[in-house]
Amino acid sequence: MKRVGIVFLLAGLLMAGAVAADEPKSLVRLTGLSAAQRQAILRQGYDVPRVTRTALEVVLTPAEAERFRSTGVKVSPIIEDLDRYVARVLKTQKNGIEYYTYERLSEQLKTWSESHPTITRLHSIGKSCEGRDIWALKVSDHPELDEKEPAALIMGGTHAREWIGVEMPMAAIARLLEGYGTDATLTRLVDEREIWFVPVVNPDGFVYSQTKQKYWRKNRRTVDGRPQGVDLNRNFGYKWGNTGASNSPSSDTYHGTGPFSEPETQAIRDLAEREHFQGSISFHSYSELVLHPFGYDYNVPCPDEKTLTTLAREMAKFNGYTAQNSADLYPAMGDSDDWLYGQCKTLAFTFELATTFIPAASQIAAIADQNVPAVFHLIDKCGTYGVTTPTGDATLARHADFRTALDAVVDGTSLLQGTTAPDRQAKIGSALRALGIRLADLVADDLAQDRHESEDAIRATPAAAFVLEMLADRQAFERAHTPTGR
Ligand SMILES: [Zn+2]
């Protein structure tokens, strides 16, 4: 009897805990905050999807909302019950116009890899906490080889509820495969890049939010006997810590027991360390932003500031979003961009899609139309801007195709003009020299066969003088070292 009693007592405690973790939450707008209150909220690790000059949009439990009210803050509900909001979105889906489920997505990736075997490879890059495959589809010519082409990582679904972020990589894959062989630009991207898509970084959370009709952000890590979850976008290992993140397992921004404690973040880490991505996008929702690192604190000096801001603005032109530094939204430690950029020197961006967590399924196509061109721009530019970052080692420049090398010289020349840090100038300068030599060699090959297209293409760019000088040097060198007779 005594033992039964203890079991009952334990069960009761766990139940109470489970209720607390699954407590319905609201999305609210907080206004009338003092500057100090605002800063405190942003640093404390609340889930803050939108920040404006006068308001914060924050996810709160009823008790938290009450606490704010009692201190005189104005709390206006935007979405009263987030679980019901999730259920509502699911109910309004029509056959054929609906969000991917994990099952359909897994099937689709397999179908694509079978129907396009010469340009795709499907990999499972790890298993989630609950044992689901974390899928990565590589799209490139000779997908079985590491051809040392500029590489890009396109991911979604880090946060469970942000289903629209899963749709963007899927839409980009569909367009690449459809356009390969017919669309010149897309064909070139597949041939000259190695593109890795991870549409669902957090499959357990994704499945949970869809099948249980739950508003849920984290993975499904069991903590203290129940699935409280870890915020994967606070679990990456560069400046992992407590700013904009929480050490409390019940918090929506719980950062886990240590950097990379989660199998889902480990999977991304291992892939990135192996593939050396020049560029990446992680899709989240919401706010219509293109964010660039660093995000862990305000005003962190960033040697690639010019490159990151330029590329962010270029992408924002495609989707009409606002480009901004991640910490200027609010500082948060342990996100994927800071690690990808800080550790791997990947030009890493986060897109905050749309104006709500889960737009109606009828909007998916329009949001994809808006954002997929920006994805292709990143994939293209990771071969040119990426050459001047430390991951863009000399191999990339030496193997670049003509178009990539020429674009990189043009981009690099303009970056050099806006760069004042001596080490960055040296890095860009050495990349430019390697690229100039590569271009000169490609032109020389063409001229030897009496083809002048590449020379003409160079003459048409602002980089003409630099490359032609390099070409003249190479020709003079060749002449000086070519035996001309006895
Ligand atoms: Zn998110």
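## The largest pocket

Let's start with what lines the largest pocket in this predicted model: seven nonpolar, eight polar and six charged residues. That makes up a lining of 21 residues. Which of them lie nearest the centre of the pocket? Lys 25, Glu 64, Ser 250, Ser 251 and Asp 252 do. As for elements, helix 1 (2–21) and strand 3 (55–60) are the ones that give two or more residues to this lining. The space in the pocket comes to about 390 Å³.

Where does this pocket sit relative to the domains? Domain 1 (2–82) and domain 2 (89–386) both contribute residues to its lining, so the pocket lies between the two.

## The second largest pocket

Next in line is a pocket with a volume of about 310 Å³. Its lining has 16 residues, and those nearest the centre are Tyr 100, Glu 167, Ala 171, Ile 364 and Ala 365. Sorted by class, the lining of this second largest pocket has 10 nonpolar, two polar and four charged residues.

Helices feature here: helix 5 (102–115), helix 6 (163–179) and helix 13 (364–381) each put at least two residues into the lining. Which helix gives the largest share of the lining? That's helix 6, with five residues.

## Strand 1 and its partners

Strand 3, which we met at the largest pocket, also pairs with strand 1 (residues 26–31). The two run antiparallel and are joined by six bridges. If you want a spot to look at in the structure, find Thr 31, whose bridge partner in strand 3 is Ala 55.

Strand 1 has another antiparallel partner in strand 4 (residues 74–79), and five bridges join these two. Here Val 28 stands opposite Pro 77 of strand 4. A handy thing to keep in mind while you look along a strand: in a regular one, side chains alternate between the two faces of the sheet.

## How confident is the prediction?

Across the chain, the pLDDT averages 91, and 95% of the residues score at least 70. Residues 1–19 are another story, with a pLDDT below 50. Leaving aside near neighbours in sequence, that stretch has four contacts in the model.

This touches on the largest pocket too, as helix 1 spans 2–21 and gives two or more residues to the lining. Keep the pLDDT below 50 over residues 1–19 in view when you look at that part of the model.

How values were computed. Residues numbered from 1 in each chain as written. Predicted model: local features only at pLDDT ≥ 70, side-chain atom pairs only at ≥ 80, totals over all residues. Heavy atoms only, no water. 1 Å grid on protein atoms, 1.4 Å probe; cavity = no way out; pocket = protein on both sides within 12 Å on 5 of 7 lines; lining within 4 Å. Points joined across faces, edges and corners; volume = space filled by probe spheres on them. Helix = DSSP H or I, 4+ residues; strand = E, 2+ residues; numbered from the N terminus. Nonpolar A, V, L, I, M, F, W, Y, C, P; charged D, E, K, R; others polar. Domains from an automatic or database assignment. pLDDT = per-residue confidence, 0-100. Contact = heavy atoms within 4.5 Å. Pairing = 2+ DSSP bridges.
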